[in-house]
Amino acid sequence: MKSFDLVIKQDKEVEDAAEILVDGVIDGRTYRFLFDTGANTTRVRNDDYINHFESYSSKDTYGVFSKMKNEQIIVPNLALGPIEKVDFQMNRFDKDSPAHNIIGMDFLHDHSYFFNFVENNVEVDKQGLEELEFFDLHVGNKAIPNVDVYMEDTKVSAIWDTGAGITVVDSRLVDKYPKSFKSLNVVQGTDSSGSSTGTPMYMMQSVVIGNKLFPTLKVISIDLSSINAKLEKPMDIILGYNCLNKANWLFDFPNKKWTIVKMN
């Protein structure tokens with residue numbers, strides 16, 4: 001079985017919220033990464049070894065709250081479990097930044113993944129599940145997975161984002177469907193750049209994803225209009241860990257299809 005393990009780091013403040021981490025290897029050296037299907041690009045924090053690679057350009061990346069500067073480098077190889085890329089282009093960011101190392105969709109896009117959130121394991125290119133009911137996988141030009149969510153019988157667009165510790169909803173969705181959201185409190189939200197701000201938290205009523213009914217979920221509400229302006233397919237919801245762990249999922253990126261294997 002070709003697979004790799006997930007390291008689940010529980011949030012200290014919000015129950016059932018967590019980071020999904022993995023151990024990747026750059027040229028024989030192990031680094032811990034946030035496993036992030038909501039990120040376009042892979043990046044690593046600068047250190048004495050990473051600093052040896054010459055930067056050939058710079059690039060800004062954007063979180064929900066802010067942007068961060070990156071230098072683009074090429075590493076001899078990057079491996080995650082059975083997946084290995086040679087002469088891989090990735091971003092390097094400042095060693096003092098609060099941001100995470102990230103493995104993003106530029107590394108992940110050419111395989112299928114069976115996510116088992118009971119055993120916290122991901123099987124790569126799993127066989128034997130062809131008889132399941134599959135749904136079309138909507139991806140932008142960066143292969144970020146989009147799935148349909150049904151709220152009050154209305155279809156809304158969601159990113160399936162392993163880099164989000166908790167589910168996020170666009171503030172306009174809360175305004176549009178007030179009966180589906182019960183106000184709770186304000187918590188600190190942190191984006192992929194490491195920037196934080198206070199965000200309102202709600203209890204979101206049950207939604208349907210992949211013909212499966214999901215339980216009520218704690219969500220935070222953010223105005224996503226600025227980040228949506230940069231996306232090929234705007235999003236209403238970012239499905240984070242506290243939603244993803246309610247099921248085991250299969251995402252087949254080469255064939256652009258997905259399914260829920262079982263509810264947990």
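**Charges, turns and one open sheet**

Hi everyone, let me begin with a loop residue: D16 is partly exposed, with a relative accessible area of 29%. D16 sits in the loop that runs between strand 2 (7-10) and strand 3 (18-26). What is the phi of D16 near? The value is near 75°, which is positive in a residue other than glycine. As a reminder, most residues other than glycine have a negative phi. Please keep in mind throughout that this is a predicted model.

A second residue belongs beside D16 on this slide. E152 is not a glycine either, yet its phi is positive, at about 50°. You will find E152 in the loop between strand 14 (145-151) and strand 15 (154-160). E152 is partly exposed too, with a relative accessible area of 43%.

Now to the charged pairs. Side chains of opposite charge can pair when their charged atoms come close. How many salt bridges does the count come to? The answer is seven, and I would like to walk you through some of them.

Let me take R32 and D23. These two form a salt bridge, with their closest N and O atoms 2.8 Å apart. R32 has 42% relative accessibility and therefore counts as partly exposed. D23, at 36% relative accessibility, counts as partly exposed as well.

Next comes R172 with D170. Here again there is a salt bridge, and the closest N and O atoms are 2.8 Å apart. Is D170 buried or exposed? D170 is buried, with a relative accessible area of 2%. Its partner R172, at 48% relative accessibility, counts as partly exposed.

Then we have D110 and K85, whose side chains meet in a salt bridge at 3.6 Å, N to O. D110 lies in the loop between helix 1 (105-108) and strand 10 (112-116), while K85 is in strand 8 (residues 83-93), so this pair ties together parts that are 25 residues apart in sequence. D110 counts as partly exposed at 35% relative accessibility, whereas K85 counts as buried at 15%.

Now for an acidic residue without such a partner. D252 is buried yet has no salt bridge. Which side chain of opposite charge is nearest to D252? That is K257, 4.4 Å away. Why does this pair miss the count? A salt bridge requires a side-chain nitrogen of Lys or Arg within 4 Å of a carboxyl oxygen, so a separation of 4.4 Å does not qualify. K257 is still one of the contacts of D252: leaving aside neighbours within four places in sequence, D252 touches H111, S112, L137 and K257. As for its place in the fold, D252 belongs to strand 23 (residues 247-252).

Strand 23 brings me to the sheet. Six strands form an open sheet in the order 1-11-10-23-24-12, with antiparallel pairing. Which strands are at the edges? They are strand 1 (3-5) and strand 12 (135-136), each of which pairs on one side only. Strands of a sheet pair through backbone hydrogen bonds. Within this sheet, strand 10 pairs with strand 11 (residues 121-124) in the antiparallel sense, over four bridges. If you want a place to look on screen, try N116, which stands opposite N121 in strand 11.

That is my tour, and I am happy to go back to any of these spots. Thanks for listening!

How values were computed:
Residues numbered from 1 in each chain as written. Predicted model: local features only at pLDDT ≥ 70, side-chain atom pairs only at ≥ 80, totals over all residues. Heavy atoms only, no water. Helix = DSSP H or I, 4+ residues; strand = E, 2+ residues; numbered from the N terminus. Buried < 20%, exposed > 50% of the residue type's maximum accessible area, 1.4 Å probe, protein only. Lys, Arg positive; Asp, Glu negative; His and termini not counted. Contact = heavy atoms within 4.5 Å. Pairing = 2+ DSSP bridges.
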